[in-house]
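Work through the exercises below with the structure in view, and try each task before reading its solution.

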Amino acid sequence: MSRFCYVNGRYLPHANGMVHIEDRGYQLADGIYEVVPIYHGKLVDMEQHLDRLAYSLGELRIAPPMERNALRLVMRELIARNGVTNGLIYLQVTRGVAPREHKFPKKTKSSLVMTTKKTKPVAPELLEKGAAIITQRDLRWLRRDIKSIGLLPNVLAKQAASEQGAFEAWLVDDAGYITEGSSTNAWIVKAGPDGKARELITRPLGHDILGGITRRGVVDLAKEQGLNLVQRPFSLEEALSAAEAFQTSSSAFVLPVTSIDGKAIGDGKPGPMTMRLREIYCRYAEQGE
Ligand code: PMP
């Protein structure tokens, strides 16, 4: 079956999906994006993703490309045409096509592009062993809550991880605190005084991290489970001495992290609280729309 994309009102064969060279996304990274997971044929947390899309657009004063209902219809149509049961749908909205100039053009129509991707489940070896990650200095701008397509620092961090045989790079701010991963939110579990896993820690929402939709799901589920959740910044030193670590994202849900910069976390194996949260989250994801 051929693969389709959606570009400004048209469903096209993927290979023919193109935007103009003066699209402000291409010229200036003047745009935003969303990635919604498709799990067992259902869209996970679609409404939260559409809320975040609207938030990113609003913060940048980019006009919504279409009504929310129409957006939902196009998403479902593209997923159906491409026969995606497990994977993701990518949406990108830019300020549109205009002669290149920094300030907003007087008249322009937002561009909307959508693509889908089929993905395989997280490899069992990765879940068994957990991910090795490295750290990198956080070089990004100060509005990381906006899901901007300007991703150069994220690209460089992920490339550094890849070159070092690691799965992800967690980013460290100038005060020595972890902000988040290059495309994930970062979590640690700290042992209580009796040696049992106790505090579940992740950085609070604000301008310095992206408000991950998976992060939010895990926060809600952790609260429901009565876990001791603390939303506060944590340092690299604290992460290195944590009992467990994991990361969250739409692409891999809850993924155990078992080494940071070559140092084992806890006993070097995926932790029990991490795996419990993974299981609970996967069950939750199955109830998508
Ligand atoms: N932080 C960053 C910088 C990201 O790019 C992503 C992935 N979009 C996340 C966190 C995780 O967000 P979500 O759970 O919504 O995929």
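The exercises that follow concern a predicted model, and each solution proceeds in steps.

**Exercise 1.** Find which residues touch the most other members of the largest nonpolar core, and which elements supply it.

*Solution.* Begin with the core itself, which has 24 residues, and in which L43, M75, I89 and M114 touch the most other members. Next, look for the elements that each supply at least two residues of this core: they are the strands β1 (4-7), β3 (31-39), β5 (87-94) and β6 (111-118), together with the helices α2 (46-60) and α3 (68-82). Finally, take L43 as an example; leaving aside residues up to four places away in sequence, L43 touches residues including V36, I38, M75, I79 and I89.

**Exercise 2.** Describe how domain 1 and domain 2 meet.

*Solution.* First locate the two parts, since the domain assignment gives domain 1 as 4-118 and domain 2 as 124-285. The contact takes 22 residues from domain 1 and 20 residues from domain 2, while the C-alpha centres of the domains lie 27 Å apart. Then consider the area buried between them, about 1800 Å², of which carbon and sulfur atoms give 62%. On the domain 1 side, Y33, Y39 and R52 lose the most area to domain 2, together 33% of what that side buries. Lastly, count the salt bridges between the domains, which gives 1.

**Exercise 3.** Compare the span of helix α6 with the expected value, and inspect what follows the helix.

*Solution.* Helix α6 covers residues 213-224, and its 12 residues reach 17 Å from first C-alpha to last, close to the 16 Å expected at 1.5 Å a residue. Among its buried residues are I213, V218, V219 and L221. After α6 comes G226, whose phi is positive, near 70 degrees.

Notes:
Residues numbered from 1 in each chain as written. Predicted model: local features only at pLDDT ≥ 70, side-chain atom pairs only at ≥ 80, totals over all residues. Heavy atoms only, no water. Core = buried A, V, L, I, M, F, W, Y, C linked by side-chain atoms within 4.5 Å. Buried < 20%, exposed > 50% of the residue type's maximum accessible area, 1.4 Å probe, protein only. Helix = DSSP H or I, 4+ residues; strand = E, 2+ residues; numbered from the N terminus. Contact = heavy atoms within 4.5 Å. Expected span 1.5 Å × (residues − 1). Domains from an automatic or database assignment. Buried area = accessible area lost by both parts, 1.4 Å probe. Salt bridge = Lys/Arg side-chain N within 4 Å of Asp/Glu carboxyl O.
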